Amino acid sequence: MSKQFESKRETAARINKMFTAPIAAPKPPDEVRELSELRFKYNLLLGRYQELQDVFNFHRNIVQNISSGLLILDNNGMITFANKAACEILDLKNTELNNQPFRKFFASPDEGAETTQELIKEKKQFESKETHFLSGKGKPVPVGFSTSIVQLPGKTPGDGYIIIFRNLRYLMNLRTQIERMDRLATLGELSAGIAHEIRNPLAGIKVSAQVLEESFSPADFRSQLVSRIVKEIDRSNELLKRFFNFAKPNKPKQKLVNIELLIDGVYLLLVNRLKKKNIQFNKTFADFTPQVFVDEGQLEQVILNLFLNAIDAIGPKGGSILVGTGYEEAVRLDENKPVQAAVFVKIRDDGHGIRKENLEKIFNPFFTSKPEGVGLGLSISSRLINENGGRIEVASEETKGTEFTIFLPVHEN
Ligand SMILES: Nc1ncnc2c1ncn2[C@@H]1O[C@H](COP(=O)(O)OP(=O)(O)OP(=O)(O)O)[C@@H](O)[C@H]1O
Ligand SMILES: [Mg+2]
């Protein structure tokens, strides 16, 4: 007999079973499983990609921010990459360098062709080779470059070349300055010796001449001759004094100096001369110029020398002299020192200018183009500026004018 009703016990057992029996989880469809696996792999890849991107950015920053110019060439000698410094040194845009033949950027086309040939065909490597590249403005830029072979992406090893180069202009300026100082030192010692030897007999001649002068009546023509002798001796003595100054300038007694007041002081000495020659004098002083730490007397002498040269350079029709001051936060005053804050003074004239071939000579002692010149003004000035921790530069164009710039250290507290 079949049971129509279950007993209470049976009901309880059934319900209990319903709640305790494990429920089988619904099986996800295959696509869902694959999707979550894909998502996992995707996130993993994304992480790796980020890491790669960071490494790439890091390397790119290094390449872009090194101070040397960097070019990459393919095996046809075409530029495939140029960093920021390369563009700056050559004064060209990236697009003007990319896909251009490397040889095109040599100042000498023959040297460009030869170097590229040696590099690519003969696999010759260059180390600190000095040459001139050509800037975007067509001006030669002195550079030193080194090369190395590299594998370009997707190419075979040895298919690419790295060119690293530096602008040598600053270094060359320093080199000539050092040579200039060496020459000055030798000449200085020599002239000090000679000057000393000449001064003593001159003193004797002068005394004798004065005694002789007194023995003639003032109307006697011989008295006039002797007085001429005395005058010439005084002139020679003056010259010798300058030699001494040149050979053994006093150690600078540095203190804080207001450069603009000093310039105004020198100007006052020259007002009459400027008026006589019909020279306009203009000043453009910076709003704020820190004091400089220099020997005041020596700096005065330098500014005076530069003004006198500017006046001499202006012809009888007159002209103008402009003096300006300014401040720069980072100037390299000495090769062995880091950049530092400096005040600059510019003295510009619109006189006859200096011939290109003479530009290097003007700081040499006794170089002069003036009939009455001694040729010591600039050599003394450059020496004094160096001894006061500064630097002097010149830029000139024949018939247009000349500009001297002096950089002077600002006192560091
Ligand atoms: N502002 C200038 N414009 C044109 N030429 C200049 C200028 N300053 C200097 N020179 C050139 O440089 C030369 C050397 O100058 P430097 O002051 O050393 O000697 P100098 O003026 O000839 O004689 P001195 O010893 O009396 O100063 C000058 O003879 C001149 O040819
Ligand atoms: Mg002079």
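Which helices each supply at least two residues of the shell around ligand 1? In this predicted model, the helices that do so are α9, residues 296–313, and α11, residues 377–387.

## Overall division of the chain

The protein chain is divided into three parts: domain 1 spans residues 66–167, domain 2 covers 173–247, and domain 3 runs over 254–409. Taken over C-alpha atoms, the centres of domain 1 and domain 2 are separated by 57 Å.

## The surroundings of ligand 1

Ligand 1 is surrounded by 22 residues. The closest of these are Asn309, Ala313, Thr368, Gly373 and Gly377. Helix α9 gives the largest share of the shell, with four residues.

Sorted by class, the shell around ligand 1 contains twelve polar residues, eight nonpolar residues and two charged residues.

## Helix α9 and its partner α8

Besides its part in the shell around ligand 1, helix α9 packs against helix α8, which comprises residues 259–276. The two helices meet at an angle of about 35°, and their axes are 10 Å apart. The crossing in which α8 passes α9 is right-handed. On the side of α8, the contact is made by Leu262, Ile263, Val266, Leu269, Leu270, Arg273 and Leu274. On the side of α9, the residues are Glu296, Leu299, Glu300, Ile303, Leu304, Phe307 and Ile311. Of the residues in this contact, eleven are nonpolar and three are charged, while no polar residue takes part.

Helix α9 also lies across four strands: β7, β9 (319–331), β10 (340–349) and β12. Relative to β10, helix α9 runs at about 25°.

## The mixed sheet

The strands crossed by α9 belong to an open sheet of five strands, ordered β7-β9-β10-β12-β11, in which the pairing is mixed. Strands β7 (279–284) and β11 (391–397) stand at the edges and have a single partner strand each, so one side of each lacks a neighbour in the sheet. On average, and ignoring direction, neighbouring strands of this sheet are turned by 15° against each other.

The edge strand β11 pairs with β12, residues 401–409, in the antiparallel sense over seven bridges. Within this pairing, Ala395 has Glu403 of β12 as its bridge partner.

## The antiparallel sheet

A further open sheet has five strands in the order β2-β1-β5-β4-β3, and its pairing is antiparallel. Here the edges are formed by β2 and β3 (129–134); each has a single partner strand, so one side of each is left without a neighbour in the sheet. Neighbouring strands of this sheet are turned by 35° against each other on average, with direction ignored.

Strand β1, residues 69–73, is joined to strand β2, residues 79–82, by three bridges, and the two run antiparallel. Leu73 has Ile79 of β2 as its bridge partner. Together, β1 and β2 form a hairpin with five residues between them. In the turn of this hairpin, Gly77 has a positive phi of about 80°. Strand β1 also pairs with β5, residues 160–167, in the antiparallel sense over five bridges. One residue pair in this arrangement links Ile72 with its bridge partner Ile162 in β5.

Key
Residues are numbered from 1 along each chain as its sequence is written. Chains are lettered from A and ligands numbered from 1 in the order in which they are written. This is a predicted model: local features need pLDDT of at least 70, side-chain atom pairs count only at pLDDT 80 or more; totals for chains, interfaces and linings use all residues. A residue is near a molecule or strand if its C-beta atom, placed from the backbone, lies within 6 Å of it. Ala, Val, Leu, Ile, Met, Phe, Trp, Tyr, Cys and Pro count as nonpolar, Asp, Glu, Lys and Arg as charged, and the others, Gly among them, as polar. Axes are lines fitted to C-alpha atoms, for helices over the stretch in contact, and angles run from 0 to 180 degrees between N-to-C directions. A crossing is left-handed if the near helix is turned anticlockwise from the far one by less than a right angle, and right-handed if clockwise. Two residues are in contact if their C-beta atoms, placed from the backbone, lie within 7 Å. Domain bounds come from an automatic or database domain assignment. Two strands pair if DSSP finds at least two bridges between them.
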